[in-house]
Amino acid sequence: MPPLSPDNILSPLNSQQRLAVQQIEGPLLILAGPGSGKTRVITHRIAHMIHQGIPSQSIVALTFTNKAADEMRNRLQNLSPDNRTWTGTFHRFCSRLLRQHAELVGLQQNFTIYDSGDSKKVMKQAIENAKVDLKHYSADKLASQVSNVKNNGITTEHFKPRPGHALDTIIGKVYPEYQKLLKIANGVDFDDLLLHAVDLLKIAPELRETLDRGFAYMMVDEYQDTNLTQYQLIRMLNHSLKNLAVTGDPDQSIYGWRGANINNILEFEKDYPGVNLVRLEQNYRSTPTILRVADQLIANNVRRKKKQLHTDNPEGAPVRLVTFPSPRDESLDIADTIQLGIESGKHRAKDYAVLYRANWLSRSVEHALRSAGLPYQIINGHEFYQRKEIKDVLGYLHLLNNPRDNVAFERVVNTPPRKIGKVTLGRLRRWAQDNNSSMLDAARNCDQINTISKAPTSKLTQFVAMFDRLSFMSTDQVEPVIRAILDETDFRNWLTLDGSEEGYERAGNVDELVVACEEFDRDRPTEGGLEAYLEQAALVSDTDIWESQSDRVTLMTLHAAKGLEFPNVYIVGLEDGILPHERSSTDDDQIEEERRLLFVGITRAEKHLQISRCVNRFRRGSFWPAIASRFLMELPREEMQIFEPAGTNYDEEGVADSISQIDPWMHDGLPSIDINEETDLSGIDTNVAPAPQPQQNSPQNSLSGISLKIQTGAQLAEKQAAMPSQIRLHPDRFETGMKVQHAEYGVGNIVQLTGEGQKRTATIHFASLGNKRFRLAFTNLSILE
DNA sequence: ATTCGCAAAGTTTTT
DNA sequence: CTTTGCGAAT
């Protein structure tokens, strides 16, 4: 453990980093590019402040993920042992605050934190109560819209529907009802943690003032990802004392969909006049090549602060850009390369990461890695805590901790089945609402509810009796409680009743949960266990599960990869509709965010990076032709190593066509001299470089020893022609200006015609949709005039 | 009340 | 291809 001396704190820093560390008073904006030592700056800055005599408990560092907070805490611990600085996530910070002052915002201290699944149930109830019909908007849509509103710091009192906005009107009904139900259940959703905290500070100005001065120095990590509610929280705690340092990178803002407001960082200088600005532009992570690729891509964004990323790292290998026929080939090739890398002794499994836009894309990769016998860890949703059997058991814990938790009550009252059906529950719910009581209390008084008949009454009474037996237990330790629950309910027997494989698997999961509770008890032997356990269970994120030490290949989404780095990175599925995602391709802001997402992915790589796409993608049960992502066109192809099998140029939008125009490989199947001169081919095994053979059907290309089944344009044309039998007019029949009928899009006018033969493409203008492009060989059009 | 079966829908990203 | 939801049968 190094002693706390100015030398240890300042000497390992470059001049910019030192500037940021030594700037203690007043507002500070640290624009930190990827791999620029941001965490180091934050931790050294805190250590420096402590060394300067600032009480460590007056410093707070807020992050978005537990992973980031833990990392920070550990590193700070090394620099400054015995510090009492609070590091943690926004949500935990707010939760702590709310538990201390719950009554002020109409909660009880033992409130439940609902995950998105639970809050969706509340939302459905709210929709029913508010008598809103779901013809126009789904429950999901309404839930996310309400979340949006809350992320913008708007409480039910302040929400004013804009006249003429149908959605607003509905939200105006549903939102208050939803909040009412949450309050009755003494529950909060994720957004509430932040929103109620802000509310609390507004209601209690003297508390705000105390906290503002108490947390005299505040640091916020990933400031570009803050939403308006978080922004308000930060402002309110940095009003009297404005010693606020934020770090962030607008280019890595990827949570706009969750309400993150990139303006918070772009306008930080306006919000806090007299701000000091430090740019961390030296990158210690990646090769110059990788950085150039990242830089050129992100240069296409308009909404950003320009940075000049540079590095002293050695040049390294070129970035590879590969087109595969199918995800299977993509995955097999990746698995194979990884295996070779490990066998050669140059790399370990943990040096590799495969990143993708959406979780479902991991499947084929997972399969390939498993077949190859490679160890991997997949970071995938709240998988464990999401399982039904886990949620069921946790439901009992929640109900014990917060007897007003109606969601938990409804979850467990008939699990395992006790012959309490939805009719009974409906009556119970009605009575509870009419009598302002919780469902549990309603069940307690069910003999007074005349709509409920004898049999269910006795069942409910039994359930309440069981609950009461359990609630006598001390909640200091979790494990005894959970064991008692399993005993009382005979849970394991119920799971394994049918003797199915699945049942035993579920029972195994429950056992795992018990072990997790034991561990929790062991780590925190004294404190009031149950509530703390439930809180941490609610606030863990999938990325927290990621183990940096374990020697396994990492599979995760691009979002989850933020903040991490790997020697070798594969980014897969660079296809239109996937990245950018089809639901984010409507407006420019969303496209920019998708671009940032790819930027984040690229900048995770230290030494080797491969970006790939497939020509066909298995989606919704069958293979569909996939169009290359538009972002591929924005990369500096002249300095990348490009592998494209022949015949990849058959996408409808003509993207691959343009590739073929830029990429000499596509013209005659031979690498051009230009490419060879400009590309560093050292380290490339010439045997694995493909020799594309246009129009050839047999497998020819081999990447890293895996053969690629080339699907040619001709093949695809055949395939498409074999699809729904429709008579297609010869491409030459069409002329610009013609009025044509498209089966799906209706009537339009041909505004442009390009290409020859199979590639002949028409741009057609539809009144309703604007311009669309079609390959005439594959599209069924009839001529109207 | 529970279970089974079929149909439809839908596949972002997360505290 | 999967999961979810709903409705009918037991």
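## DNA strand C

Four residues surround DNA strand C: Lys124, Arg363, Phe618 and Gly621, where being near a strand takes a heavy atom within 4 Å of it. Of the strand C atoms that come within 4 Å of the protein, 78% are sugar or phosphate, and bases make up the rest. Lys124 puts a polar side-chain atom 3.3 Å from a phosphate oxygen of this strand. That pair is a polar contact, meaning N or O atoms within 3.5 Å; within protein, one atom must be able to donate a hydrogen and the other to accept it, and residues adjacent in sequence count only if both atoms are side-chain atoms.

A word on the ground rules: this is a predicted model, in which local features need pLDDT of at least 70 and side-chain atom pairs count only at pLDDT 80 or more, while totals for chains, interfaces and linings use all residues. Residues are numbered from 1 along each chain as its sequence is written, chains are lettered from A and ligands numbered from 1 in the order in which they are written, and side-chain values use heavy atoms, leaving out hydrogens and water.

## DNA strand B

DNA strand B has 30 residues around it, and the closest are Arg357, Asn359, Ser541, Arg583 and Arg620. Sugar and phosphate supply 55% of the strand B atoms within 4 Å of the protein.

The polar contacts here reach several parts of the strand. Trp257 has a polar side-chain atom 3.3 Å from a base oxygen. Gly421 uses a backbone N or O atom, which sits 2.8 Å from a phosphate oxygen. For His581, a side-chain N or O atom lies 3.4 Å from a sugar or linking oxygen.

## Chain A as a whole

Chain A holds 31 helices and 26 strands, taken as DSSP runs numbered from the N terminus (helices: H or I, at least four residues; strands: E, at least two). It has 785 residues, and 55% of them count as buried. Buried means under 20% relative accessible area, exposed means over 50%, and partly exposed is in between, with a 1.4 Å probe and protein chains only.

Look at contacts (heavy atoms within 4.5 Å) between residues at least 6 apart in sequence, and 73% of them join residues at least 24 apart. The accessible surface is about 34600 Å², with 49% of it belonging to carbon and sulfur atoms; the areas come from the Shrake-Rupley method with a 1.4 Å probe, and for residues only the protein chains shown count as cover.

## Helix α8

Helix α8 runs over residues 166-184, and its 19 residues should span 27 Å at 1.5 Å a residue; the end C-alpha atoms are 28 Å apart, so the two agree. The expected span is 1.5 Å times one less than the number of residues. There is a bend of about 25° at Gly172, with Pro176 following within four residues. That bend is the angle between axes fitted to the seven residues ending there and the seven starting there.

Among the buried residues of α8 are Leu167, Asp168, Ile170, Ile171, Val174 and Tyr175. Their cover includes α6 (116-129), α7 (139-151), β5 (187-188), α9 (190-203) and α20 (422-434). Just past the helix, Asn186 takes a positive phi of about 50°.

Over in α7 you'll find Lys141, which is partly exposed because its relative accessibility is 35%. Its C-alpha atom is 28 Å from that of Leu98, 43 residues away along the chain.

## Helices α11 and α4

Helix α11 (residues 228-236) is mostly covered, with 7 of its 9 residues buried. Asn227 caps its N-terminal end, placing a side-chain oxygen 2.9 Å from the backbone nitrogen of Thr229, itself one of the buried residues of α11.

Asn66 belongs to helix α4 (residues 66-79) and counts as buried because its relative accessibility is 11%. Leaving aside residues up to four places away in sequence, Asn66 touches Thr89, Arg92, Leu539, Val540, Ser541 and Asp544.

## Loops with odd backbones

The loop between α19 (406-412) and α20 contains Pro416, and the peptide bond from Thr415 to Pro416 is cis, with omega near -5°. Lys419 lies in the loop between α19 and α20 too; its phi is near 60°, positive for a residue other than glycine, and at 71% relative accessible area Lys419 is exposed.

Another cis peptide bond joins Leu579 and Pro580, with omega about 0°; Pro580 is in the loop between β15 (566-571) and α27 (588-602). Glu222, in the loop between β6 (217-220) and α11, has a positive phi of about 55° without being a glycine. Glu222 is buried, at 13% relative accessible area.
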